[in-house]
Amino acid sequence: MQILKGDLSNVKGIPPSGLCVGVHRAGAVHQKMVAKHGDGLAVWSLRPDLDFIAFKKEGLGEQGIRSTSDMESIDAGEKLIYGVRGAPPEVREKAREKGLTLLADATCPFVTQQEEAEIELLNAGCHLVVLSSRTHHGIPRLKGIAQAKGKEVFIVEREEEVESIRLTRFEPIGVIVQTTFWLETYKKIIARILERFANVQIRNTACIDSLQRLPEVEKLAKQVDAIIVFGWTEGMTTRMVEVARAFNAHVHKIEKVDDLRLDWLRGKEKVGIIGANETPEWMINEAWRPDLCPK
Ligand code: SF4
C-alpha cells in the first residue's frame, strides 16, 4: 500500500508549518507576548479549548498564558490578548468597561476583513446574508455586529435555503461568506441569490486557506482509494471532509493519531492523508508512520 501525504509545502498562502496564515500568526503573537511579558496573559477566545493544540511542541499554554471565553474570569492584573477567531463587539466593550490592558489582537486578518465587509454592507443599508454553516463559531460574532446596527442576519448553507430568506426581490442585500467555505458551493448559492434578488452586493470573504487548501484536498481525493482528513476545526476540517466526499467514497476524519483505524486502510492500494488548518506538519508525520500500514 502506498500512502500519499497532501503536499502543501509549495502552496501559496500556506506557511511551512502547515498551519493556515491566521493560526500561524496567532501562535507567533502568543509566543512573542509570553517571551516579552512572562506571566499573567489571558487570551479571550471563541474556542479556548483549541488555541494551543497546534503549538504543543513549543510548550505554548503550559505557563504564563491561558485562554478563556469568560471575560468575567479575567482580572485587572492580567493582560488581555484577543484570539485568532476574533471577539464580538460586546466582548470588546466589556474589556473596555473593566479597564483591561489590551496587549495584542491576534484576530486572523481574514476574520477582520470579513467584519469590515459586513460593516460596509450594513452601512450601505443592506440586509445581511452569510453563506455559512449555522453552527460555525463565527456566527454570534457576525450577528453581534449586525444587531448593534439593528439588522438581522440570514444564514444560508445550501442552495435551496435561498428561498427561505424573508426579503422581497428589490430589498438590498449584502452577501458575505464564512471564511472557510468551498467555492463550488458558494457559486451555486450565489447563482440562486442572483436569480431571486435584484439588488445584491457580494463580498468574497473566503480566506486564502480555503482557496488554496481545498483544491489540494480535491487533487489528493482524486488520486487515492481512501483519504484521511486530520483535523478538528469546525470550519476548515468540515469543509475538507465535504470536498473529499465529493470526489472519493472513502473519507475518514481523525482528530488525533489514535483515531486512525487500520481497517480503513486494508485492501486499499493508495491512501491519502492531509492536515487541516490547525494541524501542524509534525502531527501529520506522526500519523503517517509506515509501520502502521498493513502489508
Ligand atoms: S482558516 Fe482562514 S479565516 Fe480561519 S484562521 Fe485560518 S486563515 Fe484565518
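Helices (H or I, at least four residues) and strands (E, at least two) are DSSP runs, numbered from the N terminus, and two strands count as paired if DSSP finds at least two bridges between them. The model is predicted: local features need pLDDT of at least 70, side-chain atom pairs count only at pLDDT 80 or more, and totals for chains, interfaces and linings use all residues. Residues are numbered from 1 along each chain as its sequence is written, and side-chain values use heavy atoms, with hydrogens and water left out.

**View 1. Strands 3, 2, 4 and 5 form an open sheet in the order 3-2-4-5.** The pairing in this sheet is parallel. Its edge strands, strand 3 (65-68) and strand 5 (101-105), each pair on one side only. From one strand to the next the twist averages 30°; axes are lines fitted to C-alpha atoms, for helices over the stretch in contact, and angles run from 0 to 180 degrees between N-to-C directions.

**View 2. Bridge partners in the 3-2-4-5 sheet.** Four bridges link strand 2 (residues 41-44) with strand 3 in the parallel sense, and Leu41 has Ile65 of strand 3 as its bridge partner. Strand 2 is also joined to strand 4 (residues 79-82) by four bridges, and these two run parallel. Here Trp44 has Tyr82 of strand 4 as its bridge partner. Tyr82 also stands opposite Asp105 in strand 5, where strands 4 and 5 pair in the parallel sense over four bridges.

**View 3. A second open sheet has four strands in the order 7-6-8-9.** Its pairing is parallel. Strand 7 (153-156) and strand 9 (200-202) are the edge strands, and each pairs on one side only. On average, neighbouring strands of this sheet are turned by 25° against each other, direction ignored. Strand 6 (residues 127-131) pairs with strand 7 in the parallel sense over four bridges, with Leu128 opposite Val153 of strand 7.

**View 4. The ligand and the residues around it.** The shell holds Cys20, Gly22, Val84, Cys108, Phe110, Thr179, Thr180, Cys207 and Asn277, each with a heavy atom within 4 Å of the ligand. Five of the shell residues are nonpolar, four are polar and none is charged; Ala, Val, Leu, Ile, Met, Phe, Trp, Tyr, Cys and Pro count as nonpolar, Asp, Glu, Lys and Arg as charged, and the others, Gly among them, as polar. The ligand lies between domain 2 (21-108) and domain 3 (110-202), because both give residues to the shell; the domain bounds come from an automatic or database domain assignment.
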